[in-house]
Amino acid sequence: MPEGFQQAKWKEPLLSELSRAGRVGTTPPSDRAIMEGSPEPASLVPKSMRREALKLPELSELQVLRHFNRLSQMNFSVELGMYPLGSCTMKYNPKVSEMIAGSDSMKQAHPLQPAETVQGLLSILSDLEGFLSEITGMSRFSLTTAAGAQGEFAGVLMIRKYHSARGEHDRDEIIVPDSAHGTNPASAAMAGFKVVKVPSDSRGQVRAQAVKEVASDRTAGMMFTVPNTLGLFEQEAAEVSEAVHGAGGLMYYDGANMNALLGRARPGDMGFDVMHLNLHKTFATPHGGGGPGAGPVGASERLAKYLPVPLLSRKDGTYSLDYDLPDSIGPLKGFVGNSAVLLRAYVYIRLLGASGLADVSSLAVLAANYLWKSLDQEGFPVSHGKGLHRKHEAVVSVKGELPGNAMKVAKAILDYGMHAPTAYFPLIVSEALMIEPTESEPLEVLDEYASAMNRIYGEIKRGALGKAPSRTSVGKIDEVKASHPLTLRVHW
Ligand SMILES: Cc1ncc(COP(=O)(O)O)c(C=O)c1O
């Protein structure tokens, strides 16, 4: 355990375990109402709708408050410490965007409200669509899709529709690099395509020659992540794009790593036809934990008519949501999408402006390279692209004779009060740790993180690494058991 840390493990009892018969929290206003001669509030609810004798925990207000405060302290968030979860971009979400997304007018808006009554919100979303198009060089965006994976699925369905509208029904293959995020082949397969894998070379690059060898008149398109999941810019992106287009296919851009390119390069200018962005990563909505996301899909001019509905339009100064677009792949999610996430992204973009967005990518790239270079290069070597600069994240392969060292480091760093990097991804790197500090962290925090990682590696080398984690609210969990016999209900 690192010096200066107390063992702080505790088990929080359930509310049902804390309960004592007859204990109450706040007193309902019924006393006052009775004094003033009004009926008992419960009597206002029709008898058939009342639920009698509900077995609820009986607690004081202070107990409930303490319980939930303790639970919140058993968790970890970017507001407690660095969260360098590579590929997931856990950056700080400015409070002002939270406040605006949580404002009363937003909370009270209902998706079934007539468009004339939410003109303000629709005009904001329309501006957001314009910003995203400008940032990426795409012609139009549909904001409705709720995650990166759903954006990918929409994109490959659009590719399928494009080819079938041209009568090219035999195009049933999608090319995907071996470094791709797992959602890429999954989305292509779900849309009915055969996935054709293309290997990366020892520098972690997809070579145009390798793509030419698999591209044919069966190719519907290629899904490409730039920079890739190794954190490396794909140096032959333009030639790869040419090879796929030359075979009659389309290029899909996985924009989950856009944090590295904001304000610097645009997928539209690189020849991509369709793409998604992860607003819940690049545009500062916290990501993960099953919370809401937004993965808008963007398209070049020739593919825009296939975008999922609804699309925003403006006629005679009035905004509306168009559902009746004959070429669209149709709806994939209810209504306009996760509007609070969209609004946060809008605020983030407005806060930073064009030059601020370019600063984001510069700082994200600088922080990733600084942190990577500060790591013990013997213990944390890179497996691909030695000598190349990283973009927003770096993937190292933890050294060791036996497998399992990446997991040991990932668990041990938790005892320093820091979050682990992504472990064992991408799959082409053995003992992978994928570190993405983002632009949010000050220099001292990067230094502390590198020094903790180096210290842990030193302990592994000396065989002195104890059982970790030992100061988190739960110890080392059985990861298979934790997700398989998942018990979400307590009976008492
Ligand atoms: C490179 C890449 N592509 C796609 C996705 C899928 O995004 P989502 O988790 O929003 O479905 C991720 C998610 O982390 C990613 O890192």
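**Strand pairing, core and ligand shell in a predicted model**

L311 stands opposite D322, a residue of strand β9. The model is a predicted one, in which local features need pLDDT of at least 70 and side-chain atom pairs count only at pLDDT 80 or more, while totals for chains, interfaces and linings use all residues. Residue numbers start from 1 along each chain as its sequence is written.

Strand β8 (residues 311-315) and strand β9 (residues 318-322) are paired in the antiparallel sense over five bridges. Strands here are DSSP runs of E with at least two residues, and helices are runs of H or I with at least four, both numbered from the N terminus; two strands pair if DSSP finds at least two bridges between them. β8 and β9 make a hairpin with two residues between them. D316, in the turn of this hairpin, has a positive phi of about 50°, although D316 is not a glycine. With 4 C-beta neighbours inside 10 Å, D316 counts as exposed (12 or fewer other C-beta atoms within 10 Å; 20 or more make a residue buried, and values in between partly exposed, with C-beta atoms placed from the backbone).

A positive phi of about 75° is also found at S87, again not a glycine. S87 is located in the loop between α3 (61-73) and α4 (95-101). In contrast to the exposed D316, S87 is buried, with 22 other C-beta atoms within 10 Å. S87 is also one of the residues that come nearest to the ligand, together with G148, A149, H181 and A256, out of 15 around it; a residue is near if its C-beta atom lies within 6 Å. The shell around the ligand is made up of four nonpolar, 10 polar and one charged residue. In this division Ala, Val, Leu, Ile, Met, Phe, Trp, Tyr, Cys and Pro are nonpolar, Asp, Glu, Lys and Arg are charged, and the others, including Gly, are polar.

The chain is divided into domain 1 (96-351) and domain 2 (357-480), with bounds from an automatic or database domain assignment. The C-alpha centres of the two domains lie 30 Å apart. In total, 21 residues of domain 1 are in contact (C-beta atoms within 7 Å) with 19 residues of domain 2. The side of domain 1 that touches domain 2 has nine nonpolar, nine polar and three charged residues.

The largest nonpolar core (buried Ala, Val, Leu, Ile, Met, Phe, Trp, Tyr and Cys residues joined through C-beta atoms within 7 Å) has 115 residues. Helix α12 (residues 339-374) gives the most to this core, with 16 residues. Each of the two domains supplies at least three residues to the core. V274 is among the residues with the most contacts inside the core. Apart from neighbours within four places in sequence, V274 is in contact with G155, M158, I159, L250, Y252, V297, A299, S300 and L303.

An open sheet of three strands has the order β10-β12-β11, with antiparallel pairing. β10 (394-397) and β11 stand at the edges with a single partner strand each, so one side of each has no neighbour in the sheet. β11 and β12 pair over two bridges, and A423 has L433 in β12 as its bridge partner. P426 is in the loop between β11 (422-423) and β12 (432-435), and the peptide bond from F425 to P426 is cis, with omega near 5°. A second cis peptide bond runs from A468 to P469, with omega near 0°. P469 lies in the loop between α14 (443-461) and α15 (479-483).

Conventions: Contact = placed C-beta atoms within 7 Å.
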